[in-house]
Amino acid sequence: MKNFVSASVLSADMLNLRDEISKIKNAGVDMLHFDVMDGVFVPNITYGLPVLEQVRKETDIILDVHLMIIDPIKYVKRFAECGADIISFHLESQSNTMDTIKAIKSAGAKAALAVKPNTPIENAFEYLPYLDMILVMTVEPGFGGQGFIPETVEKVKIIKDKIISLGLDIDVQVDGGINDKTAEIVKSAGANVLVSGSWLFKSENMAEAVKKLKKAEE
Ligand code: DX5
Ligand code: ZN
């Protein structure tokens, strides 16, 4: 299973987004993680479709869109049209899970299901055959820069074992509090797509930081 690093631009310098995008590309980052928050599903508001559309014009990097919004099915087609390659939405949202997966796929994007720290990962089992990726949240969604929740590691193990037992080929993504130390822990548990925001953007040398995350993934 290939390993990826996805840079969360929530921690980027928003007024210099063009430079930040070329910086992450040059640093060897594989994906750009784009956190969309609506102020309802989570207590924070970020950015949305018009910004994504501009980002798409700027780069050919894989755009990994994480929707933290209350009714994602209403918007997935438009996010795909604006350039999302992968769309994650929450199991805890109000949209019907299976219908939303279908809507993402028929819009031409890869479908991922995100699970908050306090939701049992077993609740996602029935959707695994239809997913390209599962996102195990390692912090409570809403803000960058929070501490990694250690109890989520067990969930990564459980979902990875289930994926293997079903003979599926699905990426396991983790998001929140990922640095060189926690990367090692989640990798041994079975994660292969690591989102990193504050740690990556605060690093003095992003290329070195990416190497550390990738090394931790091997
Ligand atoms: C949190 C977001 C994350 C966040 C990760 O709700 O989904 O993608 O930006 O940031 P760090 O790596 O700083 O925890
Ligand atoms: Zn995210």
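1. Let's start with Ser88. Setting aside residues up to four places away in sequence, Ser88 touches Asp64, Val65, His66, Leu67, Ala112, Met133, Leu135 and Gln173. Keep in mind that this is a predicted model. Ser88 sits in strand β4, which covers residues 86-90, and its relative accessible area of 0% is why it counts as buried. One of its contacts, Val65, is 23 residues away along the chain, yet the two C-alpha atoms are separated by 6.1 Å.

2. Another of those Ser88 contacts, His66, leads on to the metal. The zinc ion (ligand 2) is held by His33 through NE2, Asp35 through OD, His66 through ND1 and Asp175 through OD, at 2.1 to 2.3 Å. Along the sequence, these donor residues follow the spacing H-x1-D-x30-H-x108-D.

3. What is the arrangement around the zinc ion (ligand 2)? It is octahedral, because the six donor atoms subtend angles of 72 to 172°. As a yardstick, ideal angles are 90 or 180 degrees for six octahedral donors.

4. Are the donors His33 and Asp35 buried or exposed? His33 is buried, at 0% relative accessible area. Asp35 is buried too, with a relative accessibility of 4%.

5. Now for the nonpolar packing. The largest nonpolar core contains 63 residues, and Leu32, Phe34, Phe79, Ile87, Ile134 and Leu200 have the most contacts inside it. A second core, separate from that one, has six residues, among them Phe4, Ile86, Ala112 and Met133. Two of these, Ala112 and Met133, have already come up as contacts of Ser88.

6. Leu32 deserves its own entry. Leaving out neighbours within four places in sequence, its contacts are Ser6, Ala7, Val9, Ile21, Ile24, Val55, Ile61, Ile62, Leu63 and Asp64. Asp64 also turns up in the contact list of Ser88.

7. How many aromatic pairs does a search of the whole structure find? One. The partners are Phe34 and Tyr47, a tilted pair with 4.7 Å from centre to centre and 45° between the planes. Phe34 belongs to strand β2 (residues 31-37) and Tyr47 to the loop between β2 and α2 (49-58), so the pair ties together parts 13 residues apart in sequence. Both rings belong to buried residues: Phe34 has a relative accessible area of 1%, while Tyr47 comes in at 15%.

8. There is also a lysine placed over a ring. Lys116 lies over the face of Phe41, 5.3 Å from the ring centre.

9. Thr97 is worth a look as well. Its place is in helix α4, residues 97-106, and at 8% relative accessibility it counts as buried. Not counting residues up to four places away in sequence, Thr97 touches Phe89, Leu91, Leu113 and Tyr127.

10. Finally, Lys2, which you'll find in the segment before β1 (4-8). Is Lys2 buried or exposed? It is exposed, with a relative accessible area of 53%, whereas Ser88 is buried at 0%. Even so, Lys2 touches Asp30, Asp171 and Asn192, again not counting residues up to four places away in sequence. Leu113, a contact of Thr97, is 111 residues from Lys2 along the chain, and the C-alpha atoms of Lys2 and Leu113 are separated by 19 Å.

Note on methods: Residues numbered from 1 in each chain as written. Chains lettered and ligands numbered in written order. Predicted model: local features only at pLDDT ≥ 70, side-chain atom pairs only at ≥ 80, totals over all residues. Heavy atoms only, no water. Donors = N, O, S within 2.8 Å, 3.2 Å for Na, K, Ca; no water. Tetrahedral: all angles 85-135°; square planar, octahedral: opposite > 155°, others 65-115°. Buried < 20%, exposed > 50% of the residue type's maximum accessible area, 1.4 Å probe, protein only. Core = buried A, V, L, I, M, F, W, Y, C linked by side-chain atoms within 4.5 Å. Contact = heavy atoms within 4.5 Å. Phe/Tyr/Trp six-rings, centres within 6.5 Å; stacked < 30°, edge-to-face > 60°. Helix = DSSP H or I, 4+ residues; strand = E, 2+ residues; numbered from the N terminus. Lys NZ or Arg CZ within 6 Å of the ring centre and 35° of its normal.
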